[in-house]
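Subject: Handing over the structure

Hi there,

Here is the structure I promised to pass on to you. Have a look at it first, and then read on for my notes.

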Amino acid sequence: RRDRPQGASSLYDPRAGWINGYPPPSARIDLGPAAPGAPGAPGSRRAPTVGGPDSLPIDLDVATAEELDRLPRIGPGTAARILANRDSFGPFRSLAGLGRVRGMGPATLRRLAPRVTFSGRAASITAGNRRP
């Protein structure tokens with residue numbers, strides 16, 4: 001290489017700390033000690049999560065965006081798609097009906113099954129589900 005003097009080692013340059021022309025790897029931040037009380041920390045017990053198996057199922061036919069966001073694998077974008085689909089096509093009534101939403105595949109539906117329920121009634125406009 002032109003930027004390396006003739007005869008310089010190609011594997012490691014101790015003066016520059018570079019390896020094969022690349023900087024050395026930075027420290028991994030995900031390997032540090034776990035915060036006290038965090039899941040996986042020594043001596044800590046995992047706290048039940050909102051929307052977990054201990055809580056009541058969420059009715060997806062009338063749920064708000066905030067309630068949907070508490071479900072596993074459902075972020076703000078997916079929650080918005082669920083609300084838009086429900087507003088356009090009516091209540092889901094079942095997991096099969098929820099499957100019509102883009103991003104709701106079989107694995108996600110299986111994961112949501114114990115945490116959701118369906119009433120079959122349409123959501124109220126005053127429930128805070130619709131955008132102004």
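To begin with the core: L68 touches L60, A63, I74, A79, I82 and L83, and that list leaves out residues up to four places away in sequence. L68 is also one of the residues with the most contacts to other members of the largest nonpolar core, a set of 17 residues. The others that touch the most members are L60, L71, I74, I82, L98 and M104. Two elements, α2 (76-89) and α4 (106-112), each give two or more residues to this core. The largest share comes from α2, with 3 residues.

Before going further, please keep in mind that this is a predicted model. The average pLDDT of the chain is 74, and 52% of the residues score at least 70. Over residues 44-53 the pLDDT stays under 50, and the model has 10 contacts beyond four places in sequence for them. Where pLDDT is low, the predicted coordinates should not be read in detail.

Now for the overall layout. The chain has 4 helices and 2 strands, and from the N terminus on the order of elements is β-α-α-α-α-β. Of its 132 residues, 25% count as buried. The chain exposes about 9,700 Å², and carbon and sulfur atoms supply 56% of that area. Among contacts with a separation of 6 or more, 48% are between residues 24 or more positions apart.

Helix α2 deserves a closer look. How far apart should the ends of its 14 residues be? At 1.5 Å a residue the span should be 20 Å, and the end C-alpha atoms of α2 are indeed 20 Å apart, so the two agree. The buried residues of α2 are T78, A79, I82, L83, N85 and R86. They cover an arc of only 165° around the axis, so they sit on the same side of α2. On the other side of α2, P76 and S88 are exposed. What do the buried residues of α2 pack against? Their partners are α1 and α3.

You can follow the α1 side of that packing through A65, which lies in helix α1. Leaving aside neighbours within four places in sequence, A65 is in contact with A79 and L83. A65 and I82 are 17 residues apart along the chain, and their C-alpha atoms are separated by 8.7 Å. A65 itself is partly exposed, with a relative accessible area of 28%.

Finally, a few backbone angles. Most residues other than glycine have a negative phi. R73 is not a glycine, yet its phi is positive, at about 65°. R73 is found in the loop between α1 (65-69) and α2. Is R73 buried or exposed? R73 is exposed, with a relative accessible area of 60%. R93 is also not a glycine and has a positive phi, of about 70°. R93 lies in the loop between α2 and α3 (95-98), and R93 is exposed too, with a relative accessible area of 57%. There is a glycine to look at as well: G90 follows α2 and has a positive phi, near 95°.

If you would like a place to start, try α2 and the buried residues that pack against α1 and α3.

Happy exploring, and do write back with any questions!

Best wishes

Key: Residues numbered from 1 in each chain as written. Predicted model: local features only at pLDDT ≥ 70, side-chain atom pairs only at ≥ 80, totals over all residues. Heavy atoms only, no water. Core = buried A, V, L, I, M, F, W, Y, C linked by side-chain atoms within 4.5 Å. Buried < 20%, exposed > 50% of the residue type's maximum accessible area, 1.4 Å probe, protein only. Contact = heavy atoms within 4.5 Å. Areas by Shrake-Rupley, 256 points an atom, 1.4 Å probe, with all protein chains shown as cover. pLDDT = per-residue confidence, 0-100. Expected span 1.5 Å × (residues − 1). Arc of directions from axis to C-beta.
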